[in-house]
Amino acid sequence: RRRGRSGAHVVGALADLDVALEVGDGDVAVADPGEHARLVPESYKAKVAELAARFDLSPTLIEALVWQESRWRANAVSPVGARGLAQLMPGTARRVSKRLYGKPVKTRALKRAKTNVAIGAALMRRLMNRFKDHSAPALAAYNAGHGAATSWLRKRGHLPMDAWVETIPYDQTRRYVMRVSSMTRVYHHLYGVRGPLPALRPNLPSTLGSFDRPEKGGQTPEET
């Protein structure tokens, strides 16, 4: 079924957004760190930078993901039970934290904001490993589960990335991928967040990678 143009041409649209944010529409777009300070609590900025370096993620990706998930509300709980800044399901958090800390965290630990976002970043890194650093299927997996994203990739991974995103059958997940992908550009260009942007790759991976990959610098994470 044709979906219309609401999600069409993701790669081109994001590339156009990059240009628009860089040069403005008749004016020069100027990064506004003050607006960034309003959106991202000061107490989390150092943690985001630390996690971006540890897990080799774009800081804009972490910030856009958390904004979309919880609006930086540490006490957020979804109707299905996802918790905290990164909206983690307790079962997923236990599995990821066991690898991250050597032991699974208890559900109540997800109320601790910095622990929650660290587990969320670790989960995103595992999904990026799985999908070979392609952020679109990794974001789809974060929202809908890696089983669903893997199934969609196997069925329609021959499509260009933008067309593949349009075919995501879950409306919420399709919008999620588009919004987080767009927000990474907004955070970078308008709010002056330093660091690389997730690469726009038109072709999806033809094979899947391992979830596990040594952390950057071989560091062993400590629970916060």
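These are my notebook entries on the helices, helix contacts and salt bridges of this structure.

**Entry 1, the chain as a whole**

I began by noting that the model is a predicted one. I then looked up the secondary structure and found ten helices and zero strands in the protein chain, so that I could write the order of elements from the N terminus as α-α-α-α-α-α-α-α-α-α. For burial, I noted that 48% of the 224 residues of the protein chain count as buried. I also looked at how far apart in sequence the contacting residues lie: among contacts between residues at least 6 apart, 65% join residues at least 24 apart.

**Entry 2, helices α7 and α10**

I turned next to helix α7, residues 135-144, and helix α10, residues 171-189, whose axes come within 9 Å and cross at roughly 130°. An angle over 115 degrees but not over 145 falls outside the roughly perpendicular and roughly antiparallel ranges, and α7 and α10 are therefore oblique to each other. I recorded the crossing of α7 past α10 as right-handed. On the α7 side, I listed Ala-136, Leu-139, Ala-140, Tyr-142, Asn-143 and Ala-144 as making the contact, and on the α10 side Gln-172, Thr-173, Tyr-176, Val-177, Val-180 and Ser-181. Sorting the residues of this contact by class, I have eight nonpolar and four polar, with no charged residues.

**Entry 3, helices α4 and α6**

For a second pair I chose helix α4, residues 59-70, and helix α6, residues 113-130, which pack at an angle of about 115° with their axes 11 Å apart. The crossing of α4 and α6 is again one that I noted as right-handed. Leu-61, Ile-62, Leu-65 and Val-66 of α4 make the contact with Val-117, Ala-121 and Met-124 of α6. What classes of residue are in the contact of α4 with α6? I found seven nonpolar residues, no polar ones and no charged ones.

**Entry 4, salt bridges in helix α3**

Side chains of opposite charge can pair when their charged atoms come close, and with that in mind I searched the whole structure, which gave five salt bridges. Helix α3, residues 42-55, holds both Lys-45 and Glu-42, three residues apart, or about one turn of the helix. The closest N and O atoms of the Lys-45 and Glu-42 salt bridge are 3.2 Å apart. I noted Glu-42 as exposed, with a relative accessible area of 59%.

Glu-50 and Arg-54 also both lie in α3, four residues apart, which is about one turn of the helix, and their salt bridge has its closest N and O atoms 2.8 Å apart. Is Glu-50 buried, partly exposed or exposed? Its relative accessibility is 33%, so Glu-50 counts as partly exposed, whereas Arg-54 is buried at a relative accessible area of 9%. I also noted that Lys-47, Glu-50 and Arg-54 are linked in a network of salt bridges.

**Entry 5, Arg-125 and Asp-133**

The last salt bridge that I looked up joins the side chains of Arg-125 and Asp-133, at 2.4 Å from N to O. I checked the burial of each partner in turn: Arg-125 has a relative accessible area of 7%, and since that is under 20% I wrote it down as buried, while Asp-133, with a relative accessible area of 25%, is partly exposed.

Methods:
Residues are numbered from 1 along each chain as its sequence is written. This is a predicted model: local features need pLDDT of at least 70, side-chain atom pairs count only at pLDDT 80 or more; totals for chains, interfaces and linings use all residues. Side-chain values use heavy atoms; hydrogens and water are left out. Axes are lines fitted to C-alpha atoms, for helices over the stretch in contact, and angles run from 0 to 180 degrees between N-to-C directions. Angles under 35 degrees count as roughly parallel, over 145 as roughly antiparallel, 65 to 115 as roughly perpendicular and the rest as oblique. A crossing is left-handed if the near helix is turned anticlockwise from the far one by less than a right angle, and right-handed if clockwise. Contact means heavy atoms within 4.5 Å. Ala, Val, Leu, Ile, Met, Phe, Trp, Tyr, Cys and Pro count as nonpolar, Asp, Glu, Lys and Arg as charged, and the others, Gly among them, as polar. Buried means under 20% relative accessible area, exposed over 50%, partly exposed in between (1.4 Å probe, protein chains only).
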